[in-house]
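Student: I've got a new model open and I'd like to practise reading it with you. Can we go through it feature by feature?
Tutor: Sure, let's bring it up.

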Amino acid sequence: MNRLKAAFAGAAALLALGTTQALSEVTVLGWPGGPEETALRAVTKIYNDQAGIKDDDKVKLIFFNREGFWDKLQADLAAGSSEFDLNLVATYSLGKYAPFLEPIDLPADAGKTFGDKVLKTMQYDGKQYGVPTDLSLHFMYVRKDLMAKLLSDDDWKKTYGEISQKFLGKAMQPVADDDWTWDDYAATALFFTKSINKESPTRYGTVLQMKNLLFNMMVFGSVAHSYGADWEDSSGKITVDSPAYRTSLELYKKLYDAGATPKDSLTYEFAEANAAFGSGQAATMLQWNAAAADLDNPDKTPAVAGKFDTIAPPKGPQGRTTHIHGLGFGLNKTSTHKDGAIKFLTWLASADAIKAYADAGGSPAIDKSLTAQLPKRPDLVKLGDFAGQYGFVMTGGTSANALQVYEAQAKFFTGYWAGTTDLDSALKDTTAKMQELLK
């Protein structure tokens, strides 16, 4: 009996030890399913494999589902959860979550690594709340091999003019992609759609992300803003029911109804759009910059690697514009392992760590002296340039209810594209919901 009691006691001690070790790890809640997850996993392994990193300072990663991520994060933070020590933060949600986060002090050379403007994407009320690991904006991805022929082939030019006359009401001639207006983009997308042009080498001219999902509204916003769209004016009046929003919403629907984007685009977001373009069966795509590294990797997407350009979104009446926000990691106020968590954040803000993050597919906005050391990531140079020239945040886009605004737009705009509601109703319902959220 004594030996049995001793055995139970020993087992209990081992169980307690295992629980203590598991609880003592620094736990990081990351963004799932894209290059951000891949890059975070890569640098976490580098960090954990370093000599001198104690077991109780090693980092463990957890991920929520992509859909509903922010709602669950908000609920957990508000409930004082200590399930994670560090969590994803974003420019558009920082003000909402700051009460549940603890400000951090980054090393002095972090300013040299990222630059002050990028560090400010993780600042709220004058305090630093995170390390900015990724800057997000939009590229227009264009098959340069197809464009080269379109610009030089007289027969293709003739067909291009006929198609643009039929669908857009005017005979157009192709121009270089970096000079596109949205009409040029639309005409090109229609031309490279096989159901419209039997000579097209691709099945679809473009890939639209039309799923009822808030992040798709950020992509669409880059189109709308170039037409002059905004959420509200200087007096706080909601300005969604406007010619700018009407024109851009109609553009999406025109391309969808014409078959220029796959019919299941109403279920598409980041991953599905990448798969469609990466298959080699689409000529263009408006997409997050984070897609560039994987799409240009011949091991992952051999059909398009080396065959496309990444350019700024086409011009609208207000010029070229792109939605912009930062993603990073902040410290949960209720963390039970703050010393280890801060140690990891400090390391993550270093030049060596962030270069490794970029090498693994992440998209940090870093100093040009560092991008020069990353020859496989030419997209990072454009990232900084485009952010400075074309980046915008909608008026009200950093408010406490910004995410709910995007969700409301996704619900009503997708309904219009799917044909379940008309444009007037979609804009009326969106306006009413935004008035409630931004009052």
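Tutor: Let's begin with a single residue. Setting aside neighbours within four places in sequence, Lys-338 is in contact with Glu-102, Leu-331, Asn-332 and Lys-333. Keep in mind as we go that this is a predicted model.

Student: Where is the place of Lys-338?

Tutor: Lys-338 belongs to helix α14, which covers residues 338-348. Its relative accessibility is 24%, so Lys-338 counts as partly exposed. For a sense of scale, take Ser-234: the two residues are 104 apart in sequence, and their C-alpha atoms are 41 Å apart in space.

Student: Now strands. How should I read a pairing?

Tutor: Strands of a sheet pair through backbone hydrogen bonds, and they do so either parallel or antiparallel. Try β12, residues 325-332, as the case here.

Student: Which strands pair with β12 in the antiparallel sense over five bridges?

Tutor: Strand β3 (residues 86-90) does so, and so does strand β7 (residues 131-136). To find the register, look at Gly-328 in β12: Val-89 stands opposite Gly-328, and Gly-328 is also the bridge partner of Pro-132. Then there's strand β4 (residues 101-102), which pairs antiparallel with β12 over two bridges. There, Leu-101 has Asn-332 as its bridge partner.

Student: Is β12 largely enclosed or not, and how many of its residues are buried?

Tutor: Eight of the eight residues are buried, so β12 is largely enclosed by the rest of the structure. You can see a similar setting from the β3 side by clicking on Asn-87, which sits in that strand. Asn-87 has a relative accessible area of 0%, so it is buried. Beyond its neighbours within four places in sequence, Asn-87 is in contact with Leu-29, Leu-73, Leu-77, Leu-101, Gly-328, Phe-329, Gly-330 and Asn-332.

Student: What about a sheet with open edges?

Tutor: In a regular strand the side chains alternate between the two faces of the sheet. For the example here, go to the open sheet of three strands, which is ordered β9-β8-β10 and paired antiparallel.

Student: Which strands stand at the edges?

Tutor: β9 (284-288) and β10 (308-311) do, each with a single partner strand, so one side of each has no neighbour in the sheet. From one strand to the next, the twist averages 25 degrees. Strand β8 (residues 138-143) runs antiparallel to β9, and five bridges join them. One of the pairs is Phe-139 with its bridge partner Gln-287 in β9. Helix α12 (residues 270-278) packs on this sheet, where it touches β8, β9 and β10, and its direction makes about 145 degrees with that of β9.

Student: And when two helices pack, what do I look at?

Tutor: Begin with the angle and the axis separation, then list the side chains that meet. Helices α10 (residues 214-226) and α18 (residues 402-418) pack at about 80 degrees, and their axes are 8 Å apart. That angle falls between 65 and 115 degrees, which means α10 is roughly perpendicular to α18.

Student: Which residues of α10 and α18 meet?

Tutor: From α10 you have Leu-214, Met-217, Met-218 and Phe-220, and they meet Leu-403, Tyr-406, Glu-407, Gln-409, Ala-410, Phe-413 and Trp-417 of α18. By type, the contact has nine nonpolar residues, one polar and one charged.

Student: Last topic: salt bridges. How many are there?

Tutor: Side chains of opposite charge can pair when their charged atoms come close. The count here comes to 20 salt bridges. One of them joins Asp-57 and Lys-343, at 2.8 Å from N to O. It links distant parts of the chain: Asp-57 is in the loop between α2 (35-48) and β2 (59-63), whereas Lys-343 is in helix α14, 286 residues away.

Student: Are Asp-57 and Lys-343 buried or partly exposed?

Tutor: Asp-57 counts as buried at 11% relative accessibility, while Lys-343 is partly exposed at 42%.

Student: What does Glu-269 form a salt bridge with?

Tutor: Its partner is Lys-211, and their closest N and O atoms are 3.8 Å apart. Glu-269 is in the loop between α11 (243-258) and α12, and Lys-211 in the loop between α9 and α10, so the pair ties together parts that are 58 residues apart in sequence. Shared partners join Arg-66, Glu-67, Lys-211 and Glu-269 into one network of salt bridges.

Key:
Residues are numbered from 1 along each chain as its sequence is written. This is a predicted model: local features need pLDDT of at least 70, side-chain atom pairs count only at pLDDT 80 or more; totals for chains, interfaces and linings use all residues. Side-chain values use heavy atoms; hydrogens and water are left out. Axes are lines fitted to C-alpha atoms, for helices over the stretch in contact, and angles run from 0 to 180 degrees between N-to-C directions. Helices (H or I, at least four residues) and strands (E, at least two) are DSSP runs, numbered from the N terminus. Angles under 35 degrees count as roughly parallel, over 145 as roughly antiparallel, 65 to 115 as roughly perpendicular and the rest as oblique. Contact means heavy atoms within 4.5 Å. Ala, Val, Leu, Ile, Met, Phe, Trp, Tyr, Cys and Pro count as nonpolar, Asp, Glu, Lys and Arg as charged, and the others, Gly among them, as polar. Buried means under 20% relative accessible area, exposed over 50%, partly exposed in between (1.4 Å probe, protein chains only). Two strands pair if DSSP finds at least two bridges between them. A salt bridge is a side-chain nitrogen of Lys or Arg within 4 Å of a carboxyl oxygen of Asp or Glu.
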